[in-house]
Amino acid sequence: MTKQEEKSFNFPYKEYRSVNELEKDEQELVRLAGEASANAYSPYSKFNVGAAVLLENGEIFTGNNQENAAYPSGLCAERVALFYASSQFPGVPVKKLAVAASKNKRMIEAPVPPCGSCRQVFIEWEKRFNKPFSVIMAGSKKIIKVEKAMWLLPFNFQSDYL
Ligand code: THU
């Protein structure tokens, strides 16, 4: 029997204890994501998520989760922000994206990891512009930064497969 080589995924990320440890533009993104979470439409989950997207041209767009009585019709904060940014500046790559969440008006302690569908969308943007962007997952007690969104979704599906 042939011996199969064992392979593994491994990617770097940074962990911070306070928002002040981030770069200035990232601090601003986290602040804006937190602020945006306050305007979420989340009557069903009551989990308010905000996202802020920094484009390469310096423009910043924010979004929040928009829920629906037909649950799957809602959309996550990250995609609302990203689609909004892209609708305004379709040719401009994304530089950084921050996400934060609050419950009962308090930022949650743990960093919010984007869902799988949002990760899939992030990858489309990185591929589209051939440019990775960083994802900052912010919590009040811990912040995680990943330099390339595609690292968050191993074995991802891309347009090359079509
Ligand atoms: N949600 C987001 O907006 N972003 C995430 O990263 C995780 C989940 C939303 C979807 C839904 O409105 C609520 O949070 C609970 O899942």
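Trainee: So a polar contact is a pair of N or O atoms within 3.5 Å, where within protein one must be able to donate a hydrogen and the other to accept it, and residues adjacent in sequence count only if both atoms are side-chain atoms. How far is the side chain of E67 from an oxygen atom of the ligand?

Mentor: The distance from an N or O atom in the side chain of E67 to an oxygen atom of the ligand is 2.5 Å. Keep in mind that this is a predicted model, in which local features need pLDDT of at least 70 and side-chain atom pairs count only at pLDDT 80 or more, while totals for chains, interfaces and linings use all residues. Residues are numbered from 1 along each chain as its sequence is written, and side-chain values use heavy atoms, with hydrogens and water left out.

Trainee: OK, and what about A77 and P113, which of their atoms lie by an oxygen atom of the ligand?

Mentor: For A77 it is a backbone N or O atom, found 2.9 Å from an oxygen atom of the ligand. P113 also places a backbone N or O atom by a ligand oxygen, in this case at 3.5 Å.

Trainee: Which residues surround the ligand overall?

Mentor: If we take a residue to be near a molecule or strand when one of its heavy atoms lies within 4 Å of it, then the ligand has S45, F47, V49, N65, E67, C76, A77, E78, V112, P113, P114 and C115 around it.

Trainee: P113 and P114 are in there, so let me follow them a bit. Which residues does R119 touch?

Mentor: Contact means heavy atoms within 4.5 Å, and, once residues up to four places away in sequence are set aside, R119 touches P113, P114, L152 and L153. Two of these, P113 and P114, are also among the residues that surround the ligand.

Trainee: Where is R119, and is it buried or exposed?

Mentor: R119 belongs to helix 3, which covers residues 116-129; helices (H or I, at least four residues) and strands (E, at least two) are DSSP runs, numbered from the N terminus. Its relative accessible area is 17%, so R119 is buried, given that buried means under 20% relative accessible area, exposed over 50%, and partly exposed in between (1.4 Å probe, protein chains only). You can also relate R119 to E78, because although the two stand 41 residues apart along the chain, their C-alpha atoms are separated by 9.2 Å.

Trainee: L152 was on that contact list. What else does L152 meet?

Mentor: Leaving out neighbours within four places in sequence, L152 has contacts with F11, R119, V135, M137 and V146. It sits in the segment after strand 7 (143-146), and its relative accessible area is 10%, which means that L152 is buried. The pair L152 and F11 spans 141 residues in sequence, but the distance from C-alpha to C-alpha is 8.7 Å.

Trainee: Nice, any other pair like that? How many residues apart are K14 and K145?

Mentor: They are 131 residues apart along the chain, with 5.1 Å between their C-alpha atoms. K14 is part of strand 1 (residues 14-16), and beyond its neighbours up to four places away it touches I143, I144 and K145. Its relative accessible area of 46% makes K14 partly exposed.

Trainee: And G58, where does that one lie?

Mentor: G58 is in the loop between strand 2 and strand 3 (60-64), and at 46% relative accessibility it counts as partly exposed. From G58 to D25 there are 33 residues in sequence and 9.7 Å in space, taken from C-alpha to C-alpha.

Trainee: Switching topic: what is the phi of K46?

Mentor: K46 has a positive phi of about 55°, although K46 is not a glycine. You will find K46 in the loop between helix 1 and strand 2 (48-55), where its relative accessible area of 52% makes it exposed. K105 is another residue other than glycine with a positive phi, near 70°; K105 is in the loop between strand 4 (94-103) and strand 5 (106-107), and it counts as exposed at 82% relative accessibility.

Trainee: Last one, then. Why does S37 count as buried?

Mentor: S37 counts as buried because its relative accessibility is 2%. S37 is in helix 1 (residues 24-37), and, not counting residues up to four places away in sequence, it touches N48, V49, G50, A100 and S102. One of these, V49, is also among the residues around the ligand.
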